[in-house]
Amino acid sequence: MRIAVIHGTNLRLLGSREPEVYGTDTLDDVNLHLGEVATELGVDLETFQSNHVGEILDFIEEAAARVDGFIINPGALTHTSIALLDAFLGVGRPFVEVHLSNTQGRESYRRHSYLAGSASGVVLGFGVHSYLLGLRGLVARLGG
Ligand code: DQA
């Protein structure tokens, strides 16, 4: 089984970006922890980060041919991008939406997600553990 993890906009800044909201783990830390869980579960993992929606759409199209599913933290694209939703619907691969913060308890504009209704599951509010729980959930859903 192979899973792709996508980090969307502004997530390269993790570690220094609003640590009171997003914690102090860097993106490398997040990817390291994901790799540990992937090893435990016996799945192959690849990670990708971009601040550009077009690059993320291209990645989803290309990666869909080689992966069984996606974990995505879309960042602010969660709340704005129908194109991102359409990319996942277009490739027909299951995906899990994850957020470090509890977006439901923050500003009202963060409460709506274009992706959530089509996701296999959504995990929010657990910092880096949102990614790890999302990975475990997706692998279980895929029968791993
Ligand atoms: C986020 C929540 C989004 O609302 C925000 O725009 C982000 C990070 C999270 O992981 O909590 O960039 O996706």
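A polar contact here is a pair of N or O atoms within 3.5 Å; within protein, one of the two must be able to donate a hydrogen and the other to accept it, and residues adjacent in sequence count only if both atoms are side-chain atoms. Keep in mind that this is a predicted model, where local features need pLDDT of at least 70, side-chain atom pairs count only at pLDDT 80 or more, and totals for chains, interfaces and linings use all residues. Residues are numbered from 1 along each chain as its sequence is written, and side-chain values use heavy atoms, with hydrogens and water left out.

**The ligand and its surroundings**

Let's start with the ligand. Three side chains each put a polar atom close enough to a ligand oxygen to fit that cut-off, as the table shows.

| Residue | Distance from a polar side-chain atom to a ligand oxygen |
|---|---|
| Arg17 | 3.0 Å |
| Asn73 | 2.8 Å |
| Arg110 | 2.9 Å |

On its own, the ligand has 320 Å² of accessible area, and the protein covers 99% of that. Accessible areas come from the Shrake-Rupley method with a 1.4 Å probe, and for residues only the protein chains shown count as cover.

The residues around the ligand, meaning those with a heavy atom within 4 Å of it, include Thr9, Tyr22, Gly75, His79, His99, Ser101 and Thr103. By type, the shell divides into 3 nonpolar, 7 polar and 2 charged residues. In that count, Ala, Val, Leu, Ile, Met, Phe, Trp, Tyr, Cys and Pro are nonpolar, Asp, Glu, Lys and Arg are charged, and the others, Gly among them, are polar.

**Two buried residues**

Helices (H or I, at least four residues) and strands (E, at least two) are DSSP runs, numbered from the N terminus. Glu46 belongs to strand β2, residues 44-49. Is Glu46 buried or exposed? Glu46 counts as buried because its relative accessible area is 12%, and buried means under 20%, exposed over 50%, and partly exposed in between (1.4 Å probe, protein chains only). The Glu46 side chain makes a polar contact of 2.9 Å with the side chain of Arg2.

Val67 sits in the loop between α3 (53-63) and β3 (69-73). Val67 is also classed as buried, since its relative accessibility is 3%. Gly90 is 23 residues away from Val67 along the chain, and their C-alpha atoms are separated by 15 Å.

**Loop residues with a positive phi**

Most residues other than glycine have a negative phi. Asn10, which is not a glycine, has a positive phi of about 70°. Glu18 has a positive phi too, near 35°. Where is Asn10 found? Asn10 is in the loop between β1 (2-7) and α1 (19-22), and Glu18 has its place in the loop between β1 and α1 as well. Asn10 is partly exposed because its relative accessibility is 35%, and Glu18 is partly exposed with a value of 37%.

**Two more loop positions**

His52 lies in the loop between β2 and α3, and its 47% relative accessible area makes it partly exposed. His52 and Asn10 are 42 residues apart in sequence, yet 9.9 Å apart in space, C-alpha to C-alpha.

Pro94 is in the loop between α4 (82-91) and β4 (95-99). At 25% relative accessibility, Pro94 counts as partly exposed. Going from Pro94 to Leu135 takes 41 residues along the chain, and the C-alpha atoms of this pair are separated by 12 Å.
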